[in-house]
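Hello,

Here is the structure we talked about handing over. Please open it first, then read my notes below.

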Amino acid sequence: MKAIRIDREPQKVNGRDPEEALLLLHLEAGLVKAVEDGTHANIAPTEQWYVRFNMHHGLNMFATEGTLLDTAREPILQWILSDPLDISALIPNVINITVTKSPCASDVGIVGLIFDDKVNGIYIGVSLSGFTTRDTLWSNLTDDICNLIDYDCGDLTLLNVILTNTRVVFLTTLGLFISEDLRYGDFLKLKFNKPNFCGFERGRALVSVIKLTNHKLKRKRKFPDFWFPDAEFVAFGMFFHPNSHFLYVYGNQVWFSDDGGNKFQLLIKSMNETIIKTDTCVYTQAIVFVTEKGTVFYTKAGLHRYAKLTTLQLNIFDMYFDHLGDLYCISLNETTLDYLQVQTMDVNTLLQEDDLAFEGALSPQYITEEQIMFFSHIPSGPHVNQIQPRFYNLYIGKALEYGMGGSAIINKVFEHSYSPKFLSSVLVDILDRFPVETSASSPCVLNTLTIQQPDPGTTAFKLQLSVSGTDIFQASDVEKTVVIPGFSSFLIISVTNDLTALADATMPHRVPVNTAFQSKQWFLYDFGTTNGRKWRVVVDRCRYTIQQLDDLPVHAIKYLDLGSKLNFSFRVTPVNVAYPVFQLPLMEVIVGKPNLLDVDTEDYWDDTDSYTIQLHVQSRFFEQVNYRPPSRLGIAVPLTENFYNADPAKPRMRDYFQESKTSGTYKQCAGKKTRPQCDCTSDMKLSFLVAFSDCKEKAIRMKYPIPKLALSFTVENEDGTVNLSSPYFVTITEVNNRTNWEVSATNKTSSLLKMRTYLAHRLNTTVYNPDGLTLSIYGSELFHFRVATIPGVSFCSLFDEFQIYVDDAPLAFPGQALISSITAVLIGGVIFATFILEGYDIRIWGSLKKKLRKTSKITSLLSLITASTVSTETSEK
C-alpha cells in the first residue's frame, strides 16, 4: 500500500488538506491490511519517490509536490517496538536528542533521547512523515538491550543511534548494540547483539581504509594511512555522503575526501567550537554541520566552500533534512501531541541575511584593474579582542559588498606570518568598482602626498602633506587606506597633526619613499570602522546557470544494464561574472569506481562563454578471456565444456590439471584462430544463452553473499505479457553443474507436490511453483542458470537463462582455516624456538658466525693457493 505525503499545500479545507485525508485513508488501510494478513512479504528498503501534482495543465496553477512512501515495505515501519509510550515525565531529564533516518526514505526517521544521570534507558521515537505531522510513536527498548548484559544495566543511556537499510544501531554508555535484520523476524520484539570491540584513546587523528569482507576486516589497508597535518585537529566523528560517497571527518575542523579516504582536504577550521552533529540530504546534496554552541554551517557535497546559516539559541535540538530537501530544526516541546517541536529553516533567506564581516579595518591593495587584495589589519589599543579579526576559508566564494557601491567575489584566502600588522588577506575579483573618498569627506585628497621612512624602532610610515590650509588630515581619516597605483597601500592608524599621519604598509618592500604624489595620483578608500563599518561579506547570488540537456530529474539514479550506454550533457553559462575567463573548466566529473565504468568526456566553449560537457558512460565489467567457471573440485579446476569470452588465439584460463585440459569445447569459435573470426554479433555478446557463451563478454555482477534473491518470470504472447504462475511449474538448473546454490519456494500447493511426484522419474530435478521463488548463492564467480517450464503446460518449449557473477567472496573452505592454522603454527614455532634458545643459553648465532668466518678463511686460502699456482706456472713458462 502506498502512502502519499504532501509537503507543500496550496490551501486547506476545514483544517485538513484533501490530499492529507487521502493519505490517512491509504495509510490506515495499509496498516489494517498488514495486520489482517499477518504477513510481511516483500519487505525491503525501497527508494522513496517524488511526486508533483499540477492542476490546469500548462497554466502552472495549484501545483504541489510531495513524496511517495511504501509504508508496507519500509523495514523499520513493520515493527511494533513496544507498547505506546508517554514520555512527558522523561522530558525534564533530557539533555540532548539525536536524529537518524532511513538511507532510502528520508521521511522515515528516528529520534533518540539522551538523559542526564538521573534517568537511564533507551527511548526512541519513529516517524514516517519527517516529524512534520505529529505522528511520532515513542518506544522503550531498555529491556531488549538489558537482556544482553550479564551485569547491572542501571547506567544504560543512549549516546547515538543510526538507522541503516536493514538494521538499527545503538551506541550506549554500555557498548554498541546492533539489531537483527529488520526485514525478517516476528516484527513484535526486536532482538539485538552486542559485538566486542576494543576501546581507543584520543591522539593525533588519522584515517585508515580497510576492506570488510564477510563481516571481517582485512589486514591489508586499501590506502596508506592518512595523518591529518594539523596536530590541533581533534576528530569527533565521520560519515559518508549517501549519494557521492564523499567521506567527511569533523570535529574542531572539517576535512573531506573525494576518493574514498586516500587523501583529504580542509573545508572548515572553526575557532573555539567543535562540530558535534551533521545531517545530509539525498535530494539537494546539501550538508549541515552543527557545533556545540549552536552554530550551523551549510555546504554541498564536493564543494570547497561553505556558509554559516545561523546560530540557534537552543540547548536541545538536532537538524533534519526531509526527502524533498527541506531543512528542519527538531527540538522537544511538552505542549505538542508527540512532544516534538519542528521549525522550518529557510536556507535561502538565512544565507542572504548572514553578514560574515568582522569588526576590523581592511586595506585594499590593487593587483590589476580587475583584482584587489584586501588585508585585515590588527586593531591597536588596550581593548583588542582575544580572537583577532582575520579571513578564513569560510570566506571563499562569498561576496564582499560596500555600502556606497561596489562589490567583489573572494577567490583565495592567505594567512600572513611576515607582516606584523596584517594577519590575513583575500584576493577578490571586482564585480562593480569601489568608490574612492571625495574631498567632501576627506579634504586631504586635494593635497600633495609624500611617504617618509618610519622612525627608528617603529614600523609605521609617515604620510606627509605638502600645503597647510583646508586640505588636511582629519580624525575621521583613521583606518582609511591610501592607494598609490603600482606601489604599496597604506592604512592610516593615527593622525599626528594636520599635515602628518602614521600608516602601516601592506607591502613594505614596495614603498616609494620621499616621492611626491600630486592630487589624483593617489586615492583614499574607507574600509575601516572609525566612521562605522561600511563593508560586509555575504553569500553571493548564483552567477552561473546550469542546464541539463537530457531532461533528467534533479535527483537521478541511473542503472546500467549489460551493454547499455548512457549519455549526459550539461551546459554552464556565466551570468554577471567579474570578467570572462577563457576556457576555464566549470565542472568536474568524479568516478567512484573507475574499474567498473568507462567514462569519456568531451567539453567545449561556445561564443557566449558557455561551457558544455558531454559524458559517455558504459559498464566495463568484462569476463576474463577463455574463462570457465569453477567446479566442485575448486576454482583452479574448471571442468565445464562451456567457454566464456572465448579467444582461440590466447591461452586457456586455469588449464593446470589433466581434467581441465581434456574438457572445454568452443562453439561459435570452433575451428577459428582468432576472436574476430568468431563473428560474434552484439546480440550474441549480450545473450544469456549457453549456445553463445563463446561471445559473452559481460555478466551481471553482485557482491557476496547473495541471500534470497527474488525471482520472477513473465510470458510474452500475442495478448501481451503475463506473470508466470501456477500451473506453469518450472525447473531450475545450473548449466555448468555448480552446486553451491539453493532455490527456496514459499508457495507449495498440493498440485505442485503431486506434479513433483509424477515427474520425479522423468526430469530428475526439482519442480517449483514460479510464485515466490528466491535464489541463494554461496559460491563465487560465474553462475549460469536455466529456467524451463515442465512439459505439457504450453505448446512452446518455454525456457530462459540468466547469469550472475559473484564478487568479493571469501576463500572457500578450508582455505581460510588452513591459512590461519599455518600462520598460528609458524608464529608459535618461532616463539617456542626463541624460548628454547634463550632458556638453555644456546648461542646458535655465534656458531653460525664462526662457521661463516671459517668458510671465508678457507675460500681465501684456496684463492691464494690457486693464485700462487698460476703465478708459478706463468713463471715457468
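Glu641 sits in the loop between E43 and H4. The model is predicted, so please read everything here as computed from it. Glu641 has a relative accessible area of 40%, so Glu641 counts as partly exposed. Look at what Glu641 reaches. Setting aside residues up to four places away in sequence, Glu641 touches Ser663, Gly664 and Thr665. Two polar links stand out in the list. The side chains of Glu641 and Thr665 are joined by a polar contact of 2.8 Å. A polar atom of the Glu641 side chain also lies 3.2 Å from the backbone nitrogen of Gly664. As for Ser663, its C-alpha atom is 5.7 Å from that of Glu641, with the two positions 22 residues apart along the chain.

**The whole protein**

Now the overall picture. The protein has 877 residues, and 41% of them count as buried. It contains eight helices and 53 strands. About 48,500 Å² is exposed, and carbon and sulfur atoms supply 55% of that area. Take the contacts with a separation of 6 or more: residues 24 or more positions apart account for 57% of them.

**Nonpolar cores**

The largest nonpolar core has 36 residues. Which of them touch the most other members? They are Tyr248, Phe289, Phe374, Phe434, Phe527 and Trp535. Another core lies apart from that one. This other core has 29 residues, including Ile43, Leu77, Val161 and Phe192.

Phe374 is a good residue to click on. Leaving out neighbours within four places in sequence, its contacts include Phe434 and Phe527. Also among them are Leu362, Pro364, Phe391, Leu400, Val426 and Val428. Serines feature too: Ser363, Ser424 and Ser425 are in contact with Phe374.

**Salt bridges**

The count of salt bridges comes to 23. I picked out three pairs.

- Glu781 and Arg654: the closest N and O atoms are 2.6 Å apart. This pair links distant parts of the chain, 127 residues apart. Glu781 is in strand E52 (residues 781-789), while Arg654 is in the loop between strand E43 (611-619) and helix H4 (658-661). Both Glu781 and Arg654 are buried.
- Glu359 and Arg533: here the closest N and O atoms are 3.1 Å apart. This pair also links distant parts of the chain, 174 residues apart. Glu359 is in the loop between helix H3 (347-353) and strand E27 (362-366). Arg533 is in the loop between strand E38 (523-526) and strand E39 (535-539). Glu359 has a relative accessible area of 56%, so Glu359 is exposed. Arg533 is partly exposed, because its relative accessibility is 27%. Shared partners matter for this pair: salt bridges join Asp355, Glu359 and Arg533 into one network.
- Arg183 and Asp181: the closest N and O atoms are 2.8 Å apart. Arg183 counts as partly exposed because its relative accessibility is 25%. Asp181 is at 14%, so Asp181 counts as buried.

**A buried lysine**

Is Lys101 buried or exposed? Its relative accessibility is 12%, under the 20% cut-off, so Lys101 counts as buried. Lys101 lies in strand E4 (residues 94-101). Its side chain makes a polar contact of 3.1 Å with the side chain of Asp279. A polar atom of the Lys101 side chain also lies 2.8 Å from the backbone oxygen of Phe321. Beyond neighbours within four places in sequence, Lys101 is in contact with Asp279, Thr280, Tyr320 and Phe321, among others. The list also includes Ser106, Val108, Gly109 and Leu163.

**A nonpolar patch**

One last stop, on the surface. Ile210, Leu212 and Leu217 form a nonpolar patch there. Together they have about 290 Å² of accessible area. Leu212 belongs to strand E13 (residues 210-213). Why does Leu212 count as exposed? Its relative accessibility is 54%, over the 50% cut-off, so Leu212 counts as exposed.

Best wishes

Definitions and conventions:
Residues are numbered from 1 along each chain as its sequence is written. This is a predicted model: local features need pLDDT of at least 70, side-chain atom pairs count only at pLDDT 80 or more; totals for chains, interfaces and linings use all residues. Side-chain values use heavy atoms; hydrogens and water are left out. Helices (H or I, at least four residues) and strands (E, at least two) are DSSP runs, numbered from the N terminus. Buried means under 20% relative accessible area, exposed over 50%, partly exposed in between (1.4 Å probe, protein chains only). A polar contact is a pair of N or O atoms within 3.5 Å; within protein, one must be able to donate a hydrogen and the other to accept it, and residues adjacent in sequence count only if both atoms are side-chain atoms. Contact means heavy atoms within 4.5 Å. Patches are made of residues with over 30% relative accessible area and no salt bridge: like charges are joined within 9 Å, nonpolar side chains (Val, Leu, Ile, Met, Phe, Trp, Tyr) within 5 Å. Accessible areas come from the Shrake-Rupley method with a 1.4 Å probe; for residues, only the protein chains shown count as cover. A salt bridge is a side-chain nitrogen of Lys or Arg within 4 Å of a carboxyl oxygen of Asp or Glu. A nonpolar core is a set of buried Ala, Val, Leu, Ile, Met, Phe, Trp, Tyr and Cys residues joined through side-chain atoms within 4.5 Å.
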